[in-house]
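Biologist: I should like to understand the terms used for this protein. Please show me the structure.

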Amino acid sequence: MSKEKYRVIQWATGTVGSAALKYFIENPVTELVGLYVTNPDKVGKDAGDLVGLAKTGVMATDDVEVLLAIDADCVLFSPAQAPGNLDIICRMLAAGTNVVSPAGPFLPNKWYPDETAKIEAACAEGKSSFHGCGVHPGFSGDILPITLSRLMNRVDCIEVSEIIDKVRNPMIYTEMMGFGLDPEELLANPRRSPETYKAFYSSMAMIAESLGKEIEKVTVRFEVSKAKKDIKHLYGEVKAGTVGGQHYEWTAWSEGAPLIVYHFYWQLGEDLDPLWQEGEARYRVVIKGDPPLECNLMGGKDADGRHPFLGLPWTGLVGCTVVPQICDAAPGIISHLDLGVVQPRGLVRR
Ligand SMILES: NC(=O)c1ccc[n+]([C@@H]2O[C@H](COP(=O)([O-])OP(=O)(O)OC[C@H]3O[C@@H](n4cnc5c(N)ncnc54)[C@H](OP(=O)(O)O)[C@@H]3O)[C@@H](O)[C@H]2O)c1
């Protein structure tokens with residue numbers, strides 16, 4: 001049964017969380033009732049002040065127990081990856097608060113049976129629902145290609161690419177991901193572990209399931225490109241000859257052939273060798289088959305005529321827009337395949 005308003009808690013105000021916080025304050029279908037922050041400078045501040053909006057009367061707190069005691073319909077849980085996250089999520093669920101979160105590989109997935117079981121048990125105890133959200137995993141690599149495959153007669157292979165120029169779209173993770181390292185050193189020890197595809201496996205499995213197929217194995221390829229000169233970016237500088245570009249490729253095989261391929265092209269500008277000519281920042285879905293299809297998902301043009309990468313705010317927004325349906329859903333872990341068509345509310349405001 002749909003409510004007129006859903007009481008929500010926003011958990012953390014990083015890039016993803018700030019987009020969600022703004023949404024919850026501005027959307028008439030949601031009422032912000034709590035805000036968690038870790039940064040001492042943000043504790044005690046009004047939620048509105050943290051995202052440049054009018055005061056809300058909701059003060060940011062770092063007190064987990066205070067937030068757990070609030071009678072909320074849902075929490076958008078978007079902190080940094082941290083060991084205690086799953087416990088907090090399960091406490092929320094067991095207390096009857098629905099949870100939407102991009103902060104973990106928590107969707108049902110053969111690689112994470114313990115996490116899945118723990119979340120299912122908490123949902124059963126609190127008669128609550130859990131939904132893992134995100135742009136990728138969570139949208140561009142699952143529900144988007146699944147929806148697009150409705151335009152196909154025959155599907156041979158689905159390729160999803162994340163393309164980011166990190167000079168134009170600066171990200172705090174740049175140094176952490178190994179840009180600026182010696183290429184041989186990074187190739188031997190990739191910062192995005194070769195195992196990371198397991199966190200994306202739910203999305204691959206969702207596509208396979210929707211096409212009535214099974215994944216037999218996933219193979220991994222990783223290559224780097226070198227900076228041809230010193231390249232400055234918002235969070236530092238990479239020296240000529242060090243890693244200036246990275247390309248991860250994960251291939252899910254079905255019936256002995258590639259069925260789903262995820263590419264991640266991250267490059268610092270264009271002075272790179274080799275330069276993968278992938279164009280502007282976006283998600284690109286290519287479906288090989290009959291008829292061939294290509295779909296490009298990108299932010300609207302900035303004043304300079306180029307498209308920004310909006311993956312982080314989208315990760316918050318794709319979680320916010322599903323909140324009413326997760327709150328209204330039957331208890332348990334809810335994937336896109338359970339949801340049907342999500343119908344976002346409160347977006348049209350004249
Ligand atoms: N599935 C996807 O497509 C996708 C895409 C992007 C991100 N994500 C996930 O979404 C989450 C948020 O990403 P983001 O880009 O917003 O990250 P971010 O900008 O680094 O923000 C994370 C926030 O978490 C809080 N925090 C900092 N240290 C913490 C700690 N040790 N334990 C708990 N919280 C801590 C801080 O909140 P305050 O500033 O409020 O103190 C920080 O601003 C991450 O878990 C990330 O992996 C998923």
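Modeller: The largest nonpolar core here has 69 residues, and Trp11, Ile119, Phe130, Trp250 and Tyr262 have the most contacts inside it. The model is predicted: local features need pLDDT of at least 70 and side-chain atom pairs count only at pLDDT 80 or more, while totals for chains, interfaces and linings use all residues. Residues are numbered from 1 along each chain as its sequence is written, and side-chain values use heavy atoms, leaving out hydrogens and water.

Biologist: Why is this set called a nonpolar core?

Modeller: The name applies because such a set consists of buried Ala, Val, Leu, Ile, Met, Phe, Trp, Tyr and Cys residues joined through side-chain atoms within 4.5 Å. Buried means under 20% relative accessible area (1.4 Å probe, protein chains only). Apart from this core lies another, of 27 residues, among them Val29, Ala47, Val100 and Val318.

Biologist: What does Ile119 touch, not counting residues up to four places away in sequence?

Modeller: Ile119 touches Leu86, Cys90, Leu93, Phe106, Phe130 and Ile333, where contact means heavy atoms within 4.5 Å.

Biologist: What makes the approach of Thr13 to the ligand a polar contact?

Modeller: An oxygen atom of the ligand is 2.6 Å from an N or O atom in the side chain of Thr13. A polar contact is a pair of N or O atoms within 3.5 Å, so this pair qualifies. Ligand oxygen also lies 3.0 Å from a polar backbone atom of Val135 and 2.9 Å from one of His136. The protein covers 77% of the 920 Å² of accessible area that the ligand has on its own (Shrake-Rupley method, 1.4 Å probe).

Definitions and conventions: Buried means under 20% relative accessible area, exposed over 50%, partly exposed in between (1.4 Å probe, protein chains only). A polar contact is a pair of N or O atoms within 3.5 Å; within protein, one must be able to donate a hydrogen and the other to accept it, and residues adjacent in sequence count only if both atoms are side-chain atoms.
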